[in-house]
Amino acid sequence: MIDVHCHLNFESFKKDSDAAIKRALSQGVRSIINVGTKIDSSQKAVELSEEYDELYAIVGVHPHHADKPGENWIQNLEELAKNKKVVAIGEVGLDYFKYLSNGIVEPKVQKEVFEKQIELAHRLNLPLQIHNRHAGEDIIEILKHHKNILRDAPGMFHCFAGSMEILRGALDLGFYIGFDGNITYKGLPPGESVSLPDIAKATPIDRIVTETDSPFLTPEPHRGTRNEPAYVIIVGNFIAEIKSLTFEEVRDQTTQNAMDLFGI
Ligand code: NI
């Protein structure tokens, strides 16, 4: 299996990222992709990817940080993205959820930063890894508007949540759909009207990729502890159950999907 989105580059893995990587690899995880959310964490993701054959990096400015991406951020990002181990631009997109810590960054500012990174992905011929929270309609509209510069395999929606209509919009544009440990949680994702298992049922298996978003979104039965890439196997098992497939079928197909999308 492949964990296409996690954050071993974040503070909570500072002391033991090596142990977490080795646990995942020893349990059959083939590759791990660490994702940046601003310039410094993107740089850290690139550095980690250079230390292990099985690690890759995705670099970008998350919508939370769109109001302060830093000086010359797009040039700095472009430099980082030229590294051989960088496989996409992300996590980029829009986030209209009101977090207690920082509220919502002005949507207009988020859109500008998102569009600059769509153009960057085009210049470097890299796929996009999209972050969407309560902003699916605007994201689909922006992507449609940039359709002529999207790749044939344009990217993936990370940690998908949203309506069936947004799912259809993403699939029609050629995007892959990522599922995380929160697919094991009971009930609806906060603020959404469709459950994640229902979204997974409606997504063809040849368009699904698996992820953990470690250290966040720990799957059951480990919820309440720190998440780690080895738990992507739990996500695979859960998807197999939902879609009445064997674990091996889900493992092989989602691994192939990630290899095709990211060229790894
Ligand atoms: Ni993330």
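User: How buried or exposed is Phe-216?

Analyst: Phe-216 is partly exposed, at a relative accessible area of 42%. Here buried means under 20%, exposed over 50% and partly exposed in between, using a 1.4 Å probe and protein chains only. Mind that this is a predicted model, where local features need pLDDT of at least 70, side-chain atom pairs count only at pLDDT 80 or more, and totals for chains, interfaces and linings use all residues. Residues are numbered from 1 along each chain as its sequence is written, and side-chain values use heavy atoms, leaving out hydrogens and water.

User: OK, and how many aromatic pairs turn up in the whole structure?

Analyst: The search finds 3. Rings of Phe, Tyr and Trp (its six-membered ring) pair if their centres lie within 6.5 Å; planes under 30 degrees apart are stacked, over 60 edge-to-face, the rest tilted. Phe-10 and Phe-216 are edge-to-face, because their planes sit at 70 degrees, with centres 6.2 Å apart.

User: What does that pair tie together?

Analyst: Parts that are 206 residues apart in sequence, since Phe-10 is in the loop between strand E1 (2–6) and helix H1 (17–26), and Phe-216 in the loop between strand E8 (208–210) and helix H8 (232–242). Helices (H or I, at least four residues) and strands (E, at least two) are DSSP runs numbered from the N terminus.

User: And what about Phe-157 and Phe-160?

Analyst: Their planes are at 50 degrees and their centres 6.0 Å apart, so that pair is tilted. Both are buried, and with Phe-175 they form one aromatic cluster.

User: Switching topic: how much of the protein is buried?

Analyst: Buried residues are 58% of the 264.
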